[in-house]
Structure formats: structure tokens, C-alpha cells
Amino acid sequence: MRVFQIEGGWGLDHLVLSSRPDPRPGAGEVLLRMKAASLNYRDLVVPDRGYGQYTGTLPLIPISDGVGEVVEVGAGVSRVAVGDRVCPSFLQRWVGGELNLERITGSLGGPIDGVMADLMVLPEGGVCRVPEHLSDVQAATLPCAALTAWSALVTEGGLRAGDRLLVQGTGGVALFALQFAKMAGAHVTVISSSDDKLARARALGADAGINYRSEPEWARASRAITDGAGFDHILELGGEKTLPQSLRCIRPGGTVSMIGVLSGGTMSASLGLIVTRQVRLQGITVGSRDGFEAMLRAIGQHRLEPIVDRVFEFAELKDAMAYLASGAHFGKVCLRH
Ligand SMILES: NC(=O)c1ccc[n+]([C@@H]2O[C@H](COP(=O)([O-])OP(=O)(O)OC[C@H]3O[C@@H](n4cnc5c(N)ncnc54)[C@H](OP(=O)(O)O)[C@@H]3O)[C@@H](O)[C@H]2O)c1
């Protein structure tokens with residue numbers, strides 16, 4: 001079978017189109033014929049071993065998110081059947097309950113081989129059936145970006161109708177957050193580097209937008225949007241440069257979901273604001289399979305359509321990664337196998 005793998009050394013130069021013998025499922029396992037994949041910011045970092053021990057050993061098949069059809073099942077499999085369309089779950093060992101050190105180590109696309117292969121064998125417990133209304137490419141966007149937004153807002157955040165949410169940027173996690181928050185009846189403000197992208201976010205239901213390039217002090221600009229009260233919830237995707245602003249416009253008792261580090265991974269913010277405003281800083285690591293299944297039910301019930309920016313062919317993986325790195329995208333960058 002065709003695979004992309006990082007071999008012979010870390011770094012993008014070592015990411016090559018290669019081949020491996022076709023795998024077969026053992027007892028309790030399923031064989032998937034992969035249909036599509038989608039990229040996350042994380043996938044740009046893994047080839048440079050950016051996640052240290054969580055990146056795994058070589059050779060490594062990269063990219064965490066995809067969808068495939070079950071084409072064979074091993075002895076004793078009952079969770080899915082041949083013909084089902086399934087997504088591998090991002091953290092293979094986190095089925096439910098609290099996150100712990102064992103559950104955090106089983107992510108796909110490093111250290112476990114990812115989805116850039118024609119065929120993939122996984123334990124039956126590591127896959128979830130996807131809603132029928134989604135295309136293969138749309139379904140491939142769900143395991144990391146969508147579940148991260150869902151975990152932040154629903155599982156951990158308890159978002160309610162009428163809550164005021166601020167979302168940073170218009171990438172994968174941000175647009176799923178916008179869509180889930182509108183589904184829940186919340187008021188959503190998006191900040192972006194581009195007026196054109198802000199207009200597109202409004203067309204998807206965003207209630208307000210701020211260009212963080214022309215308004216670098218966006219915390220001040222955003223106060224009017226909440227009548228001076230501050231946001232109930234902020235999805236922190238920028239990290240180092242954005243957290244100080246977020247702490248200036250979160251309401252007392254509000255929740256800041258700490259998700260991304262797009263502008264740097266060190267914290268240099270006013271601890272006084274966190275204390276006096278009783279701000280809840282909630283770290284988020286994607287989510288469990290239970291959370292994934294709850295989200296898939298909601299997506300199915302609401303016929304939610306993930307926002308796909310551009311689709312590349314399997315062999316164009318490096319072009320797709322370069323496009324994601326350019327920041328030109330709005331929503332998800334995908335690949336067709
Ligand atoms: N903790 C977790 O479990 C988890 C899961 C998924 C992702 N993440 C992290 O979340 C972040 C976003 O991931 P993604 O896959 O959604 O990325 P993505 O699709 O590549 O989105 C990136 C977008 O973020 C916006 N952005 C970049 N720098 C910004 C800044 N300084 N301030 C505000 N917005 C900024 C830009 O949007 P505009 O062009 O509109 O400005 C950019 O297009 C990454 O740091 C990723 O590692 C964490």
C-alpha cells in the first residue's frame with residue numbers, strides 16, 4: 001500500500017511517499033480503506049519532532065485526522081461492521097473519564113502511525129461511525145479540530161444560550177467553535193487578520209468581528225460588543241501574545257479555554273487579573289471517545305457542515321502542508337486518498 005512516512009531522520013525533508021505491506025486485522029481489530037484526511041496545525045509541528053516524546057519513533061506515518069471504510073474485521077469485532085464509514089479517534093486510549101498520563105500518549109499521526117496510508121488497522125474501540133450527511137472530506141475534518149472546540153465549549157465549558165464567546169482566527173478549531181456556539185444559541189465574536197475572512201465568518205453566523213491587525217488592542221475594541229461586561233468564554237488559540245488581551249476582556253468568573261500557542265508557548269500575563277476576576281483557565285487536550293461520539297450525534301442531528309477550504313490529492317501532502325502553513329485558509333485543508 002501507499003504511505004507517506006517520515007523516515008531516516010526528522011524534518012520535512014524526510015517526509016516521503018513510500019510503501020508498506022498491506023496490513024491485516026487481528027482479533028478485535030478492523031481494517032480501514034482510507035478515503036480522506038485533513039490537516040491540523042499540529043501536523044506541521046510533528047515532522048520537526050515538535051512534541052518530543054509524544055511524536056514517537058521513525059518511520060512514522062503522519063497526520064492524525066481521516067475517515068475510512070471498514071473493509072475487514074477481525075475475530076470478535078462487534079462495534080462496527082464491514083461497510084461502515086468511520087473516523088479513527090484522535091486519542092486512541094482515552095475512551096472516557098478523566099484524562100491521565102496513559103490516555104494522553106496515544107495520539108494518531110505521532111506517536112501512533114497516522115492516516116496517510118491506503119489502509120489502516122486499528123482496535124475496534126479506536127473508531128467511531130460518522131454521520132451519513134457528511135462527504136468523506138467533511139467527515140475527515142472531525143477527530144481533532146472539531147472535538148477540541150466541542151470539548152472546550154460543551155464538555156468542559158458548559159456553554160449556554162445567550163453566552164458571549166470570543167474565538168481567535170478562522171482556522172479549523174475556530175470555525176468549529178463558531179458553528180457549535182451558534183448551534184447552542186450563543187453570541188459569537190471572531191477576531192481575524194483579514195476583513196474578507198471576517199465577512200465570511202459573519203456569513204456563517206458570527207455576530208461581531210474585529211481585525212486584530214488593524215486593532216491590535218482588540219480587548220479594548222471588544223468591550224463595546226459585550227456592553228462592557230466582558231466575554232463569558234474565550235477560546236485561546238494564539239497563546240503568548242493573545243492571552244494578555246483575553247484577560248482584559250473576559251468577564252469576572254468567565255472561562256478561558258487554553259488550546260493553542262500560535263503566537264508562542266510561554267505565559268507572560270497579568271496573574272492579578274486571573275486572581276481578582278476569578279478567571280477559570282481551562283487547558284484542553286482534544287477530547288475522549290465519549291466526547292467524540294456525543295459531538296458526532298449533535299453534528300448528525302443538526303446536519304452541521306464542516307467548512308472545507310481546499311482539497312488536495314493524496315500525493316500532494318507537502319503542498320497541502322505548505323498551504324496550511326501560509327495561513328491563507330478559512331476552515332479546513334483536506335486530502336483525498
Ligand atoms: N489543545 C488541543 O487539544 C489542540 C487541538 C487542536 C489545535 N490546537 C492548537 O490550536 C491552534 C489552532 O489550531 P488549528 O488547527 O485550528 O490551526 P489553523 O487551522 O492553522 O488556524 C490558524 C489560524 O489562527 C489564526 N491566528 C494565527 N495567529 C493568530 C494570532 N496571533 N491571534 C489570533 N489568531 C491567530 C489565523 O486566522 P486568521 O487568518 O483569521 O487571522 C490562522 O489562519 C494551534 O496552536 C494548535 O496547535 C490545540
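A ligand oxygen lies 3.2 Å from a polar backbone atom of Tyr-41 in this predicted model. Another backbone contact involves Ser-193, with a polar atom 2.8 Å from an oxygen of the ligand. A ligand nitrogen is 3.1 Å from a polar backbone atom of Ile-259. The protein buries 88% of the 930 Å² that the ligand exposes when taken alone.

**Ligand site**
- The ligand occupies the largest pocket.
- Helix H3 (142-155) and helix H4 (172-183) are the elements that give two or more residues to the shell around the ligand.
- Both domain 1 (2-144 + 287-336) and domain 2 (157-283) contribute shell residues, so the ligand lies between them.

**Shell make-up**
- The ligand is surrounded by 26 residues.
- Those that come nearest are Thr-170, Ser-192, Tyr-212, Ile-284 and Val-286.
- By class, the shell holds 11 nonpolar, 14 polar and 1 charged residues.

**Backbone geometry**
- Most peptide bonds are trans, and most residues other than glycine have a negative phi.
- Leu-58 and Pro-59 are joined by a cis peptide bond, with omega about -5 degrees.
- Pro-59 sits in the loop between helix H1 (41-45) and strand S4 (65-73).
- A cis peptide bond also links Gly-110 to Pro-111, with omega about 5 degrees.
- The loop between strand S5 (85-88) and strand S6 (119-123) contains Pro-111.
- Asp-227, a residue other than glycine, has a positive phi near 55 degrees.
- Asp-227 belongs to the loop between helix H6 (218-223) and strand S11 (231-236).

Terms used
Residues are numbered from 1 along each chain as its sequence is written. This is a predicted model: local features need pLDDT of at least 70, side-chain atom pairs count only at pLDDT 80 or more; totals for chains, interfaces and linings use all residues. Side-chain values use heavy atoms; hydrogens and water are left out. A residue is near a molecule or strand if one of its heavy atoms lies within 4 Å of it. A polar contact is a pair of N or O atoms within 3.5 Å; within protein, one must be able to donate a hydrogen and the other to accept it, and residues adjacent in sequence count only if both atoms are side-chain atoms. Accessible areas come from the Shrake-Rupley method with a 1.4 Å probe; for residues, only the protein chains shown count as cover. On a 1 Å grid over the protein atoms alone, a cavity is a set of points where a 1.4 Å probe fits but cannot get out, and a pocket is an open set with protein on both sides within 12 Å along at least five of seven lines; lining residues have an atom within 4 Å of a point. A molecule sits in a cavity or pocket if more than half of its atoms lie within 2 Å of its grid points. Helices (H or I, at least four residues) and strands (E, at least two) are DSSP runs, numbered from the N terminus. Ala, Val, Leu, Ile, Met, Phe, Trp, Tyr, Cys and Pro count as nonpolar, Asp, Glu, Lys and Arg as charged, and the others, Gly among them, as polar. Domain bounds come from an automatic or database domain assignment.
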